[in-house]
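Work through the exercises below with the sequence and the 3D structure open. Try each task before reading its solution.

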Amino acid sequence: HPIWQTELYRRVLAGAEYSAAEDAANRLGEPFFKQLRLNSVLALPLYGEGQRALGALMAGGRKPQSRAPELLSVLRMVGSHLALQALVARYRSDSRFQGLHDSLTRLPNRLLFNDRLQSAIAEAGRSGEQFAVLFVDLDRFKTINDSLGHATGDQVLSSVAKRLRASVRASDTVSRYAGDEFTLILRHIVHRDDVTRIADKIVKVLETPLTLTDGRELQITASLGICFYPDDGKDGETLLKHADVAMYNAKGMGRNTYQVYVAVPEESHRQRLDLEAKLRVAERNNELRSYYQPQVDAQTEDIIGMEALIRWEHPELGLISPGFFIPLAEDTGLIVPIGEWILRTACADAKRWLDKFKIPLRVGVNLSALQLRQTNLVEVVERALRDTGLPGDNLDLEVTESMNIKDTPNLMDVLGQLRGLGCHIAIDDFGTGQSSLDYIKRFPADRIKIDQTFVRNIGVDPADEAIVRATINMARNMDRHVVAEGVETEDHLRFLREYGCQELQGYLFSRPLPAAVFENMLSERARLLAEIADE
Ligand code: C2E
Ligand code: CA
Ligand code: CA
């Protein structure tokens with residue numbers, strides 16, 4: 001029986017004081033007080049400045065209270081103090097809200113945006129994630145304002161704000177930067193396509209005509225510029241500048257479109273050559289790192305395997321995420337030796353853990369399209385298994401479901417031969433490559449990994465939820481395992497369990513960990529299990 005549902009609470013909020021020195025529960029006759037077996041009850045409203053009570057202060061005792069009248073006056077003093085504090089706290093948060101939010105759209109203003117951008121940079125710098133900054137500028141807004149008046153201009157800005165907000169995740173930042181300029185931060189970006197897809201959606205959402213209060217319809221469009229941290233800038237100023245440059249390029253393309261920032265050729269060319277030269281010697285210089293992210297059983301949440309995720313510890317730039325250097329490695333062919341390095345490292349680590357912890361762990365290793373084209377891939381995998389002693393059954397090779405592998409010659413053959421070594425194939429990023437069902441059926445895969453863009457939208461976008469459900473059903477019908485990637489929240493977990501997804505991977509359980517930390521985690525698990533067994 002919550003106290004705020006009692007009749008007494010309602011009466012006190014309406015302004016009445018109450019005092020019963022004995023027999024209170026019976027006199028009040030409400031279950032709440034009976035349950036607590038209260039003999040004495042004192043209650044009084046809390047007032048701030050106005051006539052309306054801010055809340056109530058109630059006290060009760062199991063024994064009769066002979067000094068109820070004195071106590072009531074003490075409570076009044078305490079009460080006015082509490083009310084004042086509550087009032088001050090409310091003022092503070094209100095003014096903080098006002099100072100950092102735009103009063104028309106209620107969106108964060110430039111100050112708050114800059115603050116959020118700083119924290120995004122700090123966090124991404126630590127975790128190695130990339131994020132995107134979007135600059136949105138309404139096309140010909142000045143004309144609307146001048147010809148239709150400021151009131152109409154305000155309506156346009158408010159509805160643009162709502163449409164932008166509705167186009168992104170709750171955790172993303174949308175701010176009114178100035179006038180008709182809006183800025184967005186989209187966090188935790190794995191693939192750049194995810195961002196361009198959102199940009200595309202924003203362009204379309206904004207161009208749908210909006211109905212003004214007087215019933216007239218008005219069509220507005222916007223130009224968007226996109227840039228990425230850390231590729232296009234490592235500080236807020238540079239990121240905003242580059243998003244702005246990209247936005248002007250979009251205007252130059254005829255407006256009502258988006259553009260991704262492209263660095264000035266000479267500068268970027270030199271940087272790229274520099275980076276390429278460093279990547280060439282990264283392996284020799286011992287700069288490559290293998291990280292592992294656990295995969296857990298959806299029912300028991302116990303560990304069943306891990307995905308190997310590569311990192312590059314650049315001597316000057318620090319830890320670089322694969323989203324940044326894998327494309328460079330693919331363009332230059334360096335992915336072949338790098339891919340072999342991570343394969344051998346992951347097999348060796350997995351074998352060591354298998355022996356040490358005596359639990360069946362699978363390790364997932366990503367293969368890029370270029371590796372699949374190498375005629376000796378099967379040999380390379382065979383050698384890695386032989387040299388490390390890892391049984392093929394414990395190795396999962398992850399192949400992304402994208403366009404660029406579909407024209408790989410003999411793809412099905414190669415995958416078949418790899419399975420012949422005893423290892424398993426997983427289709428990575430499932431749902432992003434628009435494969436036909438028939439193609440999936442023919443694809444010799446044991447596992448299907450649902451792409452994180454769908455998982456992330458569980459609880460947000462019913463269309464994506466439907467895709468997740470359909471993928472799970474389809475996989476089960478084809479007798480394949482389903483793994484969900486990017487499981488971040490309890491809600492995701494509940495949903496995936498309910499619909500029968502078998503394996504899970506995501507920040508909810510753990511981020512990718514350096515090999516040594518991952519091993520500690522396995523030791524800790526073993527220690528806990530031994531402790532339980534002892535008891
Ligand atoms: P992927 O294969 O789809 O790997 C999953 C990515 O999602 C990883 O990013 C992982 O850190 C991230 N992730 C895992 N759980 C969550 C979550 O709950 N939320 C969010 N927001 N992200 C999560 P990472 O390590 O940055 O790798 C990015 C991509 O780089 C990989 O995507 C893969 O395509 C590629 N990659 C990584 N290591 C290798 C490698 O050794 N070889 C090749 N060829 N590609 C690799
Ligand atoms: Ca993968
Ligand atoms: Ca994936």
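**Exercise 1. Place Arg37 in the chain, then decide whether it is buried or exposed.**

Solution. The model is predicted.
Step 1: Arg37 sits in the loop that runs between α3 (31–35) and β2 (40–47).
Step 2: The relative accessibility of Arg37 is 57%. Exposed means over 50%, so Arg37 counts as exposed.
Step 3: Look at the backbone. Arg37 has a phi near 50°, a positive value in a residue other than glycine. Most residues other than glycine have a negative phi.

**Exercise 2. Asp429 also has a positive phi; find its element and its accessibility.**

Solution.
Step 1: The phi of Asp429 is about 50°, although Asp429 is not a glycine.
Step 2: Asp429 belongs to strand β16.
Step 3: Its relative accessible area is 11%. Buried means under 20%, so Asp429 is buried.

**Exercise 3. Describe the peptide bond from Tyr229 to Pro230.**

Solution.
Step 1: Omega of this bond is near 5°, and the bond is cis. Most peptide bonds are trans.
Step 2: Pro230 is located in the loop between β9 (222–229) and α9 (236–252).

**Exercise 4. Classify the ring pair of Phe135 and Tyr177, and state which strands it connects.**

Solution.
Step 1: The count of aromatic pairs comes to nine. In the pair of Phe135 and Tyr177, the ring centres are 6.1 Å apart, and the angle between the planes is 65°.
Step 2: Planes over 60 degrees apart count as edge-to-face, so this pair is edge-to-face.
Step 3: Phe135 is in strand β4 (residues 130–138) and Tyr177 is in strand β5 (residues 173–178), so the pair ties together parts that are 42 residues apart in sequence.
Step 4: Phe135 and Tyr177 are both buried.
Step 5: Add the neighbours. Phe113, Phe135 and Tyr177 are linked into a cluster by ring pairs. Arg110 lies over the face of Tyr177, 4.2 Å from the ring centre.

**Exercise 5. Which residues coordinate the calcium ion (ligand 2), and how are they spaced in sequence?**

Solution.
Step 1: The donors are Glu307 (OE), Asn366 (OD1), Glu398 (OE) and Asp428 (OD), at 2.1 to 2.3 Å.
Step 2: Written along the sequence, the spacing of the donor residues is E-x58-N-x31-E-x29-D.
Step 3: Glu307 is in strand β12 (residues 303–314) and Asn366 is in strand β14 (residues 362–367), so the pair ties together parts that are 59 residues apart in sequence.
Step 4: Compare the accessibility of these two donors. Glu307, at 3% relative accessibility, counts as buried, whereas Asn366, at 27%, counts as partly exposed.

**Exercise 6. Repeat the analysis for the calcium ion (ligand 3), and find the residue that coordinates both ions.**

Solution.
Step 1: The calcium ion (ligand 3) is coordinated at 2.2 to 2.9 Å by Asp428 (OD), Asp429 (OD), Glu485 (OE) and Glu485 (OE). Glu485 is thus listed with two OE entries.
Step 2: The spacing of the donor residues is D-D-x55-E.
Step 3: Asp428 is in strand β16 and Glu485 is in the loop between β18 (481–484) and α20 (490–498), so the pair ties together parts that are 57 residues apart in sequence.
Step 4: Asp428 and Glu485 are buried.
Step 5: Asp428 coordinates both the calcium ion (ligand 3) and the calcium ion (ligand 2), which are 4.1 Å apart.

**Exercise 7. Where do the residues around ligand 1 come from, and how much of ligand 1 does the protein bury?**

Solution.
Step 1: There are 23 residues around ligand 1, and Gln293, Arg311, Gln452, Glu488 and Tyr507 come nearest.
Step 2: At least two residues of the shell come from each of β12, α11 (322–332), α12 (335–357) and β16 (424–430). The largest share, four residues, is supplied by β12.
Step 3: List some polar contacts. A polar side-chain atom of Glu488 is 2.5 Å from a nitrogen atom of ligand 1. An N or O atom in the side chain of Asp429 is 3.2 Å from an oxygen atom of ligand 1. A backbone N or O atom of Tyr507 is 2.7 Å from an oxygen atom of ligand 1.
Step 4: Ligand 1 taken alone exposes 800 Å², and the protein buries 91% of that.

Technical notes
Residues numbered from 1 in each chain as written. Chains lettered and ligands numbered in written order. Predicted model: local features only at pLDDT ≥ 70, side-chain atom pairs only at ≥ 80, totals over all residues. Heavy atoms only, no water. Phe/Tyr/Trp six-rings, centres within 6.5 Å; stacked < 30°, edge-to-face > 60°. Buried < 20%, exposed > 50% of the residue type's maximum accessible area, 1.4 Å probe, protein only. Lys NZ or Arg CZ within 6 Å of the ring centre and 35° of its normal. Donors = N, O, S within 2.8 Å, 3.2 Å for Na, K, Ca; no water. Near = heavy atom within 4 Å. Polar contact = N/O pair within 3.5 Å; in protein donor to acceptor, adjacent residues only side chain to side chain. Areas by Shrake-Rupley, 256 points an atom, 1.4 Å probe, with all protein chains shown as cover.
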